[in-house]
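Good morning, everyone, and thank you for giving me a few minutes. Please have a look at the sequence and the structure before I start, and keep both in view while I talk.

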Amino acid sequence: MKSQITREDALKLLKQYNQEPFHLLHALTVEAVMRWFARELGYGEEEEYWGITGLLHDIDFEQYPEQHCIKAPELLAAGGVGEDMIHSVCSHGYGICCDVEPTHMMEKVLFASDELTGLIGAAARMRPSKSCQDMEVSSLKKKFKDKRFAAGCSRDIIRQGAELLGWELDELFSKTLKAMSACEDSVSREMESQM
């Protein structure tokens with residue numbers, strides 16, 4: 001899997017359709033988490049592809065929430081994104097808003113970690129440190145079990161994602177938390193430079 005679009009062009013494309021700081025932060029976080037997973041799981045040579053797919057995964061969500069993963073192929077193709085990456089982007093909406101099944105390891109990781117990064121981010125904002133770097137898996141599990149907390153983050157999708165990967169929930173929690181902790185500072189710096 002090779003990326004046909006540079007990161008610089010991908011970021012421009014993302015910002016063409018996303019201006020909300022919340023959406024930009026989510027895109028940058030998922031990109032960094034995907035890069036971490038690529039290295040961690042032995043797909044280091046595909047890190048750029050994993051990262052850019054993470055960066056662009058919600059390209060249509062801000063302007064076309066009712067057409068999420070349906071409008072994306074058109075926006076991505078117009079921006080010079082190849083068919084394989086378009087498939088990868090759309091696969092994170094499998095069974096939710098489209099029928100593109102995640103088949104590659106990268107697509108399964110994106111499906112599993114997308115919602116979870118939202119839950120971890122919300123939990124981090126509630127902490128005195130405002131960081132996930134001092135968060136334990138046990139405290140994340142409490143937030144996961146509390147259905148009222150970050151109610152927009154689907155627990156079913158997170159569970160499904162862990163199953164797709166063949167991982168226990170604890171493993172998915174632990175790895176995604178490590179990934180977010182590792183990239184939190186660099187994502188914050190990039191967000192500041194984007195504003």
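I will begin with the chain as a whole, then turn to its interior, its largest pocket and a few single residues.

Please keep in mind throughout that what you see is a predicted model, and that the residue numbers I use start from 1 along the chain.

Let us start with the overall fold, where the chain has nine helices and zero strands, so that, reading from the N terminus on, we meet one α element after another. The radius of gyration of the chain is 15 Å, close to the 16 Å that the globule rule gives for 195 residues, and therefore the chain is as compact as a globular protein of that length. If you prefer to think of a box, the C-alpha atoms fill one of roughly 45 × 35 × 35 Å, taken along the principal axes. Buried residues make up 50% of the 195 residues, and, if we consider contacts between residues at least 6 apart in sequence, 66% of them join residues at least 24 apart.

Now to the interior, and here I would like to ask which residues of the largest nonpolar core touch the most other members. They are Leu-56 and Leu-76, in a core of 60 residues. Leaving out residues up to four places away in sequence, Leu-56 touches Ala-10, Leu-13, Leu-14, Leu-76, Val-81, Met-85 and Val-89. Leu-56 also belongs to the buried residues of α3, a helix that is mostly covered, with nine of its ten residues buried. Among those buried residues you will also find Tyr-49, Trp-50 and Ile-52, and together the buried residues of α3 pack against α1 (7-17), α2, α4, α5 (83-91) and α6.

The next stop is the largest pocket, which holds about 840 Å³ of space. It is lined by 34 residues, and those that lie nearest its centre are Phe-22, His-26, Asp-114, Thr-117 and Gly-118. Which helix gives the most to this lining? The answer is α6, with nine residues, while α2 (21-40), α6 (105-126) and α9 each supply at least two. In character the lining is mixed, since it divides into 16 nonpolar, twelve polar and six charged residues.

One of the residues nearest the pocket centre, Asp-114, leads us to His-92, because Asp-114 is among the residues in contact with His-92 when neighbours within four places in sequence are left aside, and the cut-off for such a contact is heavy atoms within 4.5 Å. The other partners of His-92 are His-57, Asp-58, His-68, Cys-69, Leu-110 and Phe-111. Although His-92 sits in the loop between α5 and α6, it counts as buried, because its relative accessibility is 4% and the limit for buried is under 20%. The C-alpha atoms of His-92 and Leu-110 are 6.2 Å apart in space, with their positions 18 residues apart in sequence.

Cys-69, which I named as a partner of His-92, lies in the loop between α3 (47-56) and α4 (72-78), and it too is buried, with a relative accessible area of 4%. Cys-69 has a positive phi of about 70°, although it is not a glycine. Lys-130 also has a positive phi without being a glycine, in this case near 55°. Is Lys-130 buried or exposed? Lys-130, in the loop between α6 and α7, counts as exposed, because its relative accessibility is 56% and exposed means over 50%.

The loop between α6 and α7 (137-145) also holds Glu-136, which is exposed, with a relative accessible area of 53%. From Glu-136 to Pro-65 the distance is 33 Å in space, C-alpha to C-alpha, and 71 residues in sequence.

I will finish with Met-191, which lies in helix α9 (residues 169-194) and is buried, with a relative accessible area of 12%. Setting aside residues up to four places away in sequence, Met-191 touches Pro-21, Leu-24, Leu-25 and Leu-28. Met-191 and Thr-29 are 162 residues apart in sequence, and yet their C-alpha atoms are 9.9 Å apart in space.

Thank you for listening, and I am happy to go back to any part of this.

Technical notes
Predicted model: local features only at pLDDT ≥ 70, side-chain atom pairs only at ≥ 80, totals over all residues. Heavy atoms only, no water. Helix = DSSP H or I, 4+ residues; strand = E, 2+ residues; numbered from the N terminus. Buried < 20%, exposed > 50% of the residue type's maximum accessible area, 1.4 Å probe, protein only. 1 Å grid on protein atoms, 1.4 Å probe; cavity = no way out; pocket = protein on both sides within 12 Å on 5 of 7 lines; lining within 4 Å. Points joined across faces, edges and corners; volume = space filled by probe spheres on them. Nonpolar A, V, L, I, M, F, W, Y, C, P; charged D, E, K, R; others polar. Core = buried A, V, L, I, M, F, W, Y, C linked by side-chain atoms within 4.5 Å. Rg over C-alpha atoms; globule rule 2.2 N^0.38 Å.
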